[in-house]
Structures are given as structure tokens and as C-alpha cells.
Amino acid sequence: MKVPFVSFKPLERELNDQLRSAFERVFENSWYIEGNEDKAFEEAFAAYCRSKYCIGVGNGLDALMLVLRALEIGEGDEVIVPSNTYIATALAVTYVGAKPVFVEPDIRTYNIDPAKIEEKITGNTRAIMPVHLYGQACDMDPIMAIAKKHNLYVIEDCAQAHGATYKGRIIGSFGDAAGFSFYPGKNLGALGDAGATVTNDGAIAARVRALGNYGSDYKYHHIYKGCNSRLDELQAAFLSAKLPLMDKVNADRRNTAKKYLEGITNPQIILPYVMPECEHVWHLFAIRCEKRDELQAYLTERGIGTNKHYPIPMHLQECYKDLGIAEGELPIAEEISATELSLPMYYGMTDEEIRYVIDCVNEFK
């Protein structure tokens, strides 16, 4: 049997008519940027995130970068980010001229450890950027308390956790603003690159929209040195077709994760930990194993797709050598990078596929 790491086909088959209708609608209207499709999706996604404003942008990295610019964070400033995340989080900080300051994660959840944040705060710190990694919300209460104590902004990176909740409250609604990615593999994915910023602050929303539209608040009038990062009509239409199934998609992923958690009994495998305060949406099912590479090769031989998230921690990437962080200085991020392996996780996995993955993982010696 072959089980891919990810497959879009089950959801695309289910939404075939809606997706084709979305394309035809946009094509017939001949309006491709900043039209009714974009407006409709922004309103629907803002409501889904319990936020007042949603601004569609080109991708998840831009969603974070534009918030940082809107908050006038830049040269000489520092932003707290987790040491274990996809590099886009840190790149957003770098792009505005600020310095990313890495804080180690909780080894159980892989998310930033609130107990380690304050020791990294300096007089230059302007914001905390927690990442709701792999589909599980961060421990937001202490993060928000630290931010309030030190008068810091909170910018949530929600790229991997559409619909996840913390103490019954949806992620993206805690901080000053939040960035989402709609990369095709996300729980809510476009058919290309796309992203969005959500916020309850009207001033931030207006600045993000202008900054992503060449710094323009109205045509040919430029109040900022902006960039071009807008959600196009076609991707907005596709996302609008998928959004009504968001909760169904997440429930299906939770069902798959439940079977994995109950079925995988191999003592060499460290299973994901779910905080009781959280409703996980399982963008990834991330296990750990000391023999990670051998396990990956073993599963590949049996037709099971896997992925490593992420095999080189950010502080050891070539592009961040300038931060001067040596190997061994962030041992938890390094431990996760060396042992993490993500198993197949996507909407529409069959019971037979799930059982096959479980059996193969359990048979690994």
C-alpha cells in the first residue's frame, strides 16, 4: 500500500463543483484583484476568527511582515520568536530590519515556553511572536500577561493552526494582530500562495492594507513606502469555497490523530502531547524518535510518505550565522530538529490507510 504524506484529492473531489464554479465566476467577471471575491472572503474569514478585520495578502510571510511594519517595528528593535518553527517567522522580523530573538520551546508541545520569555526581554524588545505550531495553540494566558507587564505587542503566527482554540477561544483573536498562511498544504489552503492578516484594531488594519497595496490609501496616493502583497480574486474565491468545510476538515484530522494516538504503541516513539486547554487541529502529526532517519527510511520503503519539521534549526541555518548563536546554545530546538518526523495527515484518509501507518510504525525495530 502507498500512503502519501499529504493528498489534496479527497477534499478537491468533494468540492469539485464549488471550485469549478469559483473559477468560472471570477473568469466571467474579468476582475482579478481587489474585487467582490476578496471582500467576501475577508468578511467571512474575519467572522470565523472572531475578529473585526481581515486583510488578504500574498502569503503568510507577508501577513506577519506587514503587521510588523504597521506597528513601526524596525531597525534596532527586537522581536521574541520561538527557536522551533518554520523560518518564515524569523524572516518576517528580519525583513523589517529588526532582530529575531529565539526562545526555546516546551519539549512536550513544541511551542514557545512562556517561562523562558522574560529572560530574553531587553530594552529593545518590541513584540512577542508566538507560533501555534503543528496545529496546537500556544499557552496564551502567560504570554499575554508578560506582554502586558512589559508593554509589548503580541503578533500571533497562525500559519499552521486555522481554527485551533485555547480555553475555548479561537487563535488569532488574542494578540494585537495575527498572520495566516493559505499555502495549499494548510488546513485551509488555496490553490497557490495566499495569506491574510486579522486584527481587531482598525488602525493596524488600515496600515496593513495600505502597506500591501504599494503604500497607497487610495489610487495613486502613497502614504507609505509599501509593497505589492494582495490576495487575488481567484484564490479568494477558492478559499471561500473551502471555508465552510473548515470545521469538518479539522474534525476529520482530529479523528485521524485520535487513532494514531491510541494505536501507536512502539516504545521508541514519542507521541504528540495535547494541552488540556487546547483543541488541536493537527496540521501535522509530529512524533519524535531517536532513530528518526532510520524510521523515515523504513516507512519510505513501505510506501508511507513522511516529512521532517524542521531538520535544521533556524539558528544553525546559513542565513542566520550573523546572529552568532553556536550549536548547543538552543538544545531543545536542536533536539526536536534531530528527532521529529511527521506522519501522513490530511483530510479524507481512510481507516485502511491509517491502520497501515500505525502497523508499520509499531513494527519498526
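Trainee: What volume does the second largest pocket have?

Mentor: The model is predicted, with pLDDT of at least 70 needed for local features and 80 or more for side-chain atom pairs, while totals for chains, interfaces and linings use all residues. Residues are numbered from 1 along each chain, and side-chain values use heavy atoms, without hydrogens and water. A pocket is an open set of points on a 1 Å grid where a 1.4 Å probe fits, with protein on both sides within 12 Å along at least five of seven lines. Filling the points of the second largest pocket with probe spheres gives about 280 Å³.

Trainee: Which residues lie nearest the centre of the second largest pocket?

Mentor: Its lining (residues with an atom within 4 Å of a point) has 14 residues. Helix 7 (202-211) and strand 10 (216-218) each supply at least two of them. Nearest the centre are E34, N213, S216, Y218 and K219.

Trainee: Over the face of which residue does K219 lie?

Mentor: A charge sits over a ring if Lys NZ or Arg CZ is within 6 Å of the centre and 35 degrees of the normal. R169 lies over F174, at 4.3 Å from the ring centre. K219, at 4.8 Å from the ring centre, lies over the face of Y220.

Trainee: What volume does the largest pocket have?

Mentor: The largest pocket is lined by 30 residues, and Y86, Q160, Y183, K186 and Y310 are the closest to its centre. Helix 4 (60-70), helix 5 (88-95) and strand 8 (177-181) each supply at least two lining residues. The volume of the largest pocket is about 610 Å³.

Note on methods:
Helices (H or I, at least four residues) and strands (E, at least two) are DSSP runs, numbered from the N terminus.
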